Amino acid sequence: MEGFFQLQNASHVLIVASCVLLLVLGQFPSWVSADVHYYDFLLKEINVTKLCLNETILTVNGLFPGPVIRVRKGDTVYVNVTNQGNYGVTLHWHGVKQPGNSWSDGPVFVTQCPIQPGANFTYEVIFSDEEGTLWWHAHSDWTRATIHGAIVILPKEGTTYPFSHPDGEDVIVLGSWYTGDLHKEINEDMETHADIPHSSGYLINGELGDFSNCSRGTTYRWSVDYGKTYLLRIVNAVVDDELFFAIAGHNLTVVGLDGSYIKPVEMSYIMLSPGNTADVLLTTNKPPGHYYMASRQFLTEKEATPDGYTGSAIIEYTGDYNFSSSPIFPHYLPQSRDMTAAVTFMGLMKSLANEDYPVSVPMNITTKMFITVSMSELCGDRTDCNITAGRGNILASSMNNISWVNPIVDILQAYYRNVSGYYTTDFPDWPLVMYNFTKDTFDPHLAISDQGTKVKVLNYNESVEIIFQGTALLDGAAVHPMHLHGYAFYVVGMGQGNFNNETDPVTYNLVDPPKVNTFIVPRNGWLAIRFIANNPGVWLWHCHFERHLTWGMDTVFIVKNGDTEETSLRPPPPYMPPCTGYPNNILTKKWSYAGDVLDYL
Ligand SMILES: [Cu+2]
């Protein structure tokens, strides 16, 4: 991996220089080598009561959210996962690039088969240039609703943040709560062609907060001292929605996004997509009291109704003052349909792009892809597809009119062992036909997609540009938070309407674009990203809305090896969970619908 290699070499020079300096100062540099950490994750069910109902959820170590993984930049973590649940699960380390190590990336049927009940598997999670906050979550079925937790990546010993050292910190995991047995419901809904489950509320650190039934007694509370600056590590672990988040009376200064630092942005609210993580500074200089932090859905589907839930937690100043009045609510938390608030916030994200935190935006693009991200329909039977009535038979989502189907042997194994029959390498770089993507009325044929396990193969070190184009097909115009495994990418441009190949590239930010692992394609708009394909292996990319992923808005990059061992996919670990007995895995199915497509969006 030349990219990672160069980085290491560069830091070696720095290390040598710093060692000399520290030795002169009489200190011994203990941070020259990275640390190794070990975690045991036991998947087991626990009983909880929420919304006045007793529920059973699958957790890691009985914790919800799950345990925080704490490392320093460049460390390695071994996570031994033992499954005491009732169904197969995989775990993913979201935003951790794992150089050459797809084997521990986790997406089910892409890099591994499920860890079955009673079985265990050890993930080797290799950190490289990430610093700040990331997260881990299950990557099979919809299990990530309750199987997730934060990853805290501190600066290497002897280095510090690009901002004043905070006086304290707290992890804030934003989640969504589903009433009933989500795993069972997804399976049943696919069998019976019913609508997919919708969440029943938003969680902050596992609690719904004061505005939900039977929840007031368990609201998450965080004590702060007056006159301090705290680092909040915020994770959007919500399954199917984007969120606005704000703290009453206090501005939020965003200093990091997706495990990379950014130029500080001070806002009264933030918007995070599922998959995004943010490092946020909070200065506690307001009148001592208690203040709500609150989350609210950011919704972009035209016909959908905002769910109206408010997740909440409470910040309490320590000290002697009157606690009797109820906490203040952040009245400037944007409304659910406030597109301007969301796009304004995302547009403010910029990399530090300085000597200590340089950017390396690819300039000479060697692989260019133009990808429509779209709601689609599949014909239940090609000969029985009632397109003229404006409807196929089966609701799906797609990229370039290909709706992904998981194979029953993971892509990584099939690729590494050169076994044919599980995937093809013909994922299209362009839509099959060009059309007015964002027009409300459309030829129904345009929405018809094919199912396939089609991957895109990249040569090592290709400079890749992808333009994601949102569409209005099936009245399904919406934002899509696109996530790439194994990489962080630069967001060089975004805009409304159809991408214009002549005028839009002129607007690209090639100077200090944000480097992220997840970013929204604006509703009825486009997103341009760039990265160097310097991490060999098999890497999933997909919309991070679970319903869109389930419906097929995903595919895979196979990045070929470079010339050396260091630039090649590592050999597999001695044990991988076996791939047997999955002919009916739910993610290989799609389901038909009988009602109006709008019910499902
Ligand atoms: Cu999506």
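## Strand β4 and its antiparallel neighbour

Strands β4 and β6 (residues 120-126) run antiparallel and are joined by seven bridges. One pair to look up in the viewer is N80, whose bridge partner in β6 is T122. Bear in mind as you look that this is a predicted model.

## The other partner of β4

Strand β4 also pairs with β1 (residues 36-50), this time in the parallel sense, over eight bridges. Here H37 has V77 of β4 as its bridge partner. Both senses are familiar ones: strands of a sheet pair through backbone hydrogen bonds, either parallel or antiparallel.

## Two faces of β4

Which side chains of β4 (residues 76-83) point to the buried face? They are V77, V79, V81 and N83. T76, Y78, N80 and T82 point to the other face and are not buried. This fits a general pattern, because in a regular strand the side chains alternate between the two faces of the sheet.

## A four-stranded open sheet

Elsewhere in the listing, four strands form an open sheet in the order β3-β8-β7-β5, with mixed pairing. Its edge strands, β3 (69-72) and β5 (91-94), each pair on one side only. From one strand to the next, the twist averages 20°.

At the β5 edge, the pairing with β7 (residues 132-138) is antiparallel and covers four bridges. Within it, L91 stands opposite A138 of β7.

## The chain overall

Stepping back, the chain holds five helices and 32 strands. Of its 601 residues, 49% are buried. Among contacts between residues at least 6 apart in sequence, 80% join residues at least 24 apart.

Methods: Residues numbered from 1 in each chain as written. Predicted model: local features only at pLDDT ≥ 70, side-chain atom pairs only at ≥ 80, totals over all residues. Buried ≥ 20, exposed ≤ 12 C-beta atoms within 10 Å, placed from the backbone. Contact = placed C-beta atoms within 7 Å. Pairing = 2+ DSSP bridges. Axes fitted to C-alpha atoms, helices over the stretch in contact; angles between N-to-C directions.
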